[in-house]
Amino acid sequence: MSFFRSVSKLSKLRSRLVQQPGLNGSVRWLQIQSASESELDLHSQLKELIPEQQERLKKLKMEHGKVQLGNITVDMVLGGMRGMTGLLWETSLLDPDEGIRFRGLSIPECQKVLPAAVPGGEPLPEGLLWLLLTGKVPSKEQVDMLSKELQNRAKVPDHVYKAINSLPVTAHPMTQFVTGIMALQVGSEFLKAYEKGMPKSKFWEPTYEDSLNLIAQVPVVASFIYRRVYKNGQTVPADASLDYGANFSHMLGFDGPKMQELMRLYITIHSDHEGGNVSAHTAHLVASALSDPYLSFAAALNGLAGPLHGLANQEVLLWIKSVVEECGENITTEQLKDYVWKTLNSGKVVPGFGHGVLRKTDPRYMCQREFALKHLPDDPLFQLVSKLYDVVPPVLTQLGKVKNPWPNVDAHSGVLLNHFGLTEARYFTVLFGVSRSIGIGSQLIWDRALGLALERPKSVTMEWLENYCKKAA
Ligand SMILES: CC(C)(COP(=O)(O)OP(=O)(O)OC[C@H]1O[C@@H](n2cnc3c(N)ncnc32)[C@H](O)[C@@H]1OP(=O)(O)O)[C@@H](O)C(=O)NCCC(=O)NCCS
């Protein structure tokens, strides 16, 4: 609340305040800004915001630095630090029941207030980027300016394509993607500034340059990989008249208006999921050593490529297709139940279900379901996904150990992409990665602006834990 209040003081020029009720009944103030020179520029907005937020953090440290946030148990140490509060991540916050909120706004709220390309359509990802960085809802004009700025930053040097082309075309698309990002790192502004001896207080500036460049470049690299692997290397040039999501869809080779809308929604909802998930946390950890945004984002992508994290979207479509192959499209509930058990009994997880934090159906799943109901209600694979919603949770509950039997974001995305012709499941995690550049890039700017510390949690051995517990008993 105080963040948004302080933000409202910022605008010395024309701005319009609207009252926005939160889901928890609280009221927060958002700004919907009207056009004026400096307000159209994201960089100058941040420049104004940063000193305030630095002061806020300093005060928090001074006044409340010793306040306890909870107890750490042995289970938490052995259980992947579940439930341990240990990171500062400003751009979004995850509630186990409500799901994600971007700067306080839920997905349905974002769909309502963020500017869209078509009336009543899906949010423009550029708008979400603005929101994540500033905490403010941008106007359409601000979003259009940011679209143009990203287009101007989208240049990818030749050596990047060469690095990717040096890999076998059969290499996993995520391996090719990480290689491309590492090759882009050659142009890091942060690296250059650091080598010149830039003071710590200015680190956020080259981080801003790198993060925005990276966000602009990833769709170009990602679409190059798609065309290289699946379309005989015939690339599609960018279209400067299109927004970020539509242009990405275009460079992949899909120009239908519904696919463009899907891409805007997809990029918006996959962008950020607070700081503790594998990809976000990895980026934050690596960046805490003052590694630049390219190095940090490449590290994040390596985590995203794991089947328990981002690769799950690939696994879901492959699994759904294996169901159809074995049982046909008109599968009965009983057959589906048997197939789920067969998967579990062979020692595998059911992809697209469960979550490390969420304890209810993922709102990212729900908005994709709504998209499907609106645009592809008769798609047979969508109908199968709907059936899985009824069949899988009771089976997982019966296992007795699954903390959340409900579907997550990955349970739905594959069938939507598949419907519009993007059928190559092995590529799906790259799309996830493109979107993640927005959340991770935004937070990395704030990491440097706030001067967040090097990450260095304490680790212990089993012997240390045994001795500690004996003494504590
Ligand atoms: C996401 C995921 C990794 C979270 O893991 P987690 O926090 O350890 O989840 P839980 O605490 O509920 O796990 C408890 C047990 O239930 C199992 N479990 C959880 N989700 C499961 C699923 N979808 N299918 C089968 N078993 C599952 C776990 O493997 C674990 O088993 P173990 O004790 O034998 O190791 C897990 O739910 C999963 O593997 N889901 C499928 C992959 C997926 O969709 N990933 C994308 C997440 S957005």
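## Close-ups of the ligand site and the cysteines

**View 1. Lys401 reaches the ligand through its side chain.** An N or O atom in the Lys401 side chain sits 2.7 Å from an oxygen atom of the ligand. Keep in mind that this is a predicted model. On its own, the ligand would expose 840 Å², and the protein buries 74% of that.

**View 2. Gly352 and Phe353 use their backbones.** Here a polar backbone atom of Gly352 lies 2.8 Å from an oxygen atom of the ligand. Phe353 also brings in a polar backbone atom, this one 2.8 Å from a nitrogen atom of the ligand.

**View 3. The shell around the ligand.** Zoom out a bit and you'll count 19 residues surrounding the ligand. Arg82, Gly352, Phe353, Lys401 and Lys403 are the closest. Sorted by class, the shell has 9 nonpolar residues, along with 6 polar and 4 charged ones.

**View 4. Cys110, a buried cysteine without a bonding partner.** Cys110 has just 1% relative accessibility, so it counts as buried. The closest cysteine sulfur to its own belongs to Cys367, and that one is 10 Å away, which is too far for a bond. For a disulfide, the two sulfurs would have to be within 2.5 Å. If you're hunting for disulfides elsewhere, a search of the whole structure turns up 0.

**View 5. Cys469, a partly exposed cysteine.** With a relative accessible area of 34%, Cys469 is partly exposed, whereas Cys110 is buried.

Notes:
Residues are numbered from 1 along each chain as its sequence is written. This is a predicted model: local features need pLDDT of at least 70, side-chain atom pairs count only at pLDDT 80 or more; totals for chains, interfaces and linings use all residues. Side-chain values use heavy atoms; hydrogens and water are left out. Buried means under 20% relative accessible area, exposed over 50%, partly exposed in between (1.4 Å probe, protein chains only). A residue is near a molecule or strand if one of its heavy atoms lies within 4 Å of it. A polar contact is a pair of N or O atoms within 3.5 Å; within protein, one must be able to donate a hydrogen and the other to accept it, and residues adjacent in sequence count only if both atoms are side-chain atoms. Accessible areas come from the Shrake-Rupley method with a 1.4 Å probe; for residues, only the protein chains shown count as cover. Ala, Val, Leu, Ile, Met, Phe, Trp, Tyr, Cys and Pro count as nonpolar, Asp, Glu, Lys and Arg as charged, and the others, Gly among them, as polar.
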